[in-house]
Amino acid sequence: MSRRQDRRVSAAGADPDADREVATAGAEDTEAVATTRLAGTARIIGANIRQLRERSGMTQGELAHRVYVSRQTINNWEGGRTLPDVESLKLLSETFGISVDALMGQGAVTLADETAADRHRLLVSLVVYGALDLVFILLCLFGRLALALWGFEIEYGSEAYYTKEALNLAISVIMLVLLIAELPAGHCIRKVMDDHELRDAVAVMAYLEGRNPERNLPDDILYRFVLPNWQALRAVIPLSVALLMLLVYLAMTAAS
């Protein structure tokens, strides 16, 4: 424990603010240790890759060709800036004629644990973000349409109260809460994408499946059409539903 932490611990118990400061410092130190450990693992694996490549008499370009990645990717691995994915580790081990554990050295368990944790965080964040986004879209489209087509009246004694304005305000407040609730999940998604250099939806899905996005991916509708056009689809689908609902509204208005 550092001297700074010693001073904080000595103040804990006497001051609630000091207790909170100690807890915050502990969380920061734990995250720093995890980051340092992962960086050390990347350096170990990178040094092993470089040593094996040079021993085999290959250039970075030749090794890149054998494992189906770019030369810059090899350079990033050897520099400890990024880590190979599962498929790349298998190809590297086959290329050098050694086991994956030998290639990774002492970092094998650490890398597996860190990668699994990041995949889990990314998957959970995507599910949460997608669920909140779906509820937001449904409220935005169907909630507004219901208010536009039908009014709501509540009878109280001899009075009837028209609640359309109140429901409209409630829907707006719920939509704002949903947007705020999406922020932590969105931040987690961006952090994992930045840490693992995931540029788009294709790279994210490949990472979750343990694939290398720089090599040939499955030739199906998911990888050929849905993921490459994910942002466009995410915008077009709600607009299409909104247009359909507008046409229904106009038809019902004209009929009445």
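Which residues are buried in helix α5 (residues 86–96)? In the predicted model examined here, the buried positions of helix α5 are Ser88, Leu89, Leu91, Leu92, Ser93 and Phe96. An α-helix has 3.6 residues a turn, so residues three or four places apart point the same way. At the start of α5, the backbone nitrogen of glutamate 87 is approached to within 3.0 Å by a side-chain oxygen of aspartate 85, and glycine 97, which follows α5, has a positive phi near 75°.

Helix α9 (residues 201–208) can be described in the same terms, its buried residues being Val202, Ala203, Val204, Ala206 and Tyr207. At the start of α9, a side-chain oxygen of aspartate 200 comes to within 3.3 Å of the backbone nitrogen of valine 202, while glycine 210, just after α9, adopts a positive phi of about 75°. Tyrosine 207, listed among the buried residues of α9, also takes part in a contact with a charged side chain, in that arginine 119 lies over the face of the tyrosine 207 ring, at 4.7 Å from the ring centre. As for pairs between aromatic rings, the count comes to 0.

Across the whole structure, the search for salt bridges finds 6. One of them is formed by the side chains of arginine 53 and glutamate 78, with an N to O distance of 2.5 Å. Because arginine 53 lies in helix α2 (residues 16–55) and glutamate 78 in helix α4 (residues 71–78), this pair ties together parts that are 25 residues apart in sequence. Both arginine 53 and glutamate 78 are buried.

A further salt bridge, between the side chains of aspartate 195 and lysine 191, has an N to O distance of 3.1 Å. Here both partners belong to helix α8 (residues 164–195), where aspartate 195 and lysine 191 are 4 residues apart, or about one turn of the helix. Aspartate 195 is classed as partly exposed because its relative accessibility is 42%, and lysine 191, with a relative accessibility of 32%, is likewise partly exposed. In the salt bridge between arginine 224 and aspartate 219, the closest N and O atoms are 3.3 Å apart, and both arginine 224 and aspartate 219 are exposed. Salt bridges with shared partners, moreover, join Arg50, Arg53, Glu54 and Glu78 into one network.

A polar contact was also found between the side chains of glutamine 60 and arginine 71, at 2.8 Å. Glutamine 60 is located in helix α3 (residues 60–67), and this glutamine is counted as buried because its relative accessible area, 14%, falls below the cut-off of 20%.

On the surface, Leu243, Leu246, Leu247 and Leu250 together make a nonpolar patch of about 380 Å². Of these leucines, leucine 250 is found in helix α11 (residues 230–255), and its relative accessibility of 46% places leucine 250 in the partly exposed class, so that it lies between the limits of 20% for buried and 50% for exposed residues.

Conventions. Residues are numbered from 1 along each chain as its sequence is written. This is a predicted model: local features need pLDDT of at least 70, side-chain atom pairs count only at pLDDT 80 or more; totals for chains, interfaces and linings use all residues. Side-chain values use heavy atoms; hydrogens and water are left out. Patches are made of residues with over 30% relative accessible area and no salt bridge: like charges are joined within 9 Å, nonpolar side chains (Val, Leu, Ile, Met, Phe, Trp, Tyr) within 5 Å. Accessible areas come from the Shrake-Rupley method with a 1.4 Å probe; for residues, only the protein chains shown count as cover. A salt bridge is a side-chain nitrogen of Lys or Arg within 4 Å of a carboxyl oxygen of Asp or Glu. Helices (H or I, at least four residues) and strands (E, at least two) are DSSP runs, numbered from the N terminus. Buried means under 20% relative accessible area, exposed over 50%, partly exposed in between (1.4 Å probe, protein chains only). Rings of Phe, Tyr and Trp (its six-membered ring) pair if their centres lie within 6.5 Å; planes under 30 degrees apart count as stacked, over 60 as edge-to-face and the rest as tilted. A charge sits over a ring if NZ of Lys or CZ of Arg is within 6 Å of the ring centre and within 35 degrees of the ring normal. A polar contact is a pair of N or O atoms within 3.5 Å; within protein, one must be able to donate a hydrogen and the other to accept it, and residues adjacent in sequence count only if both atoms are side-chain atoms.
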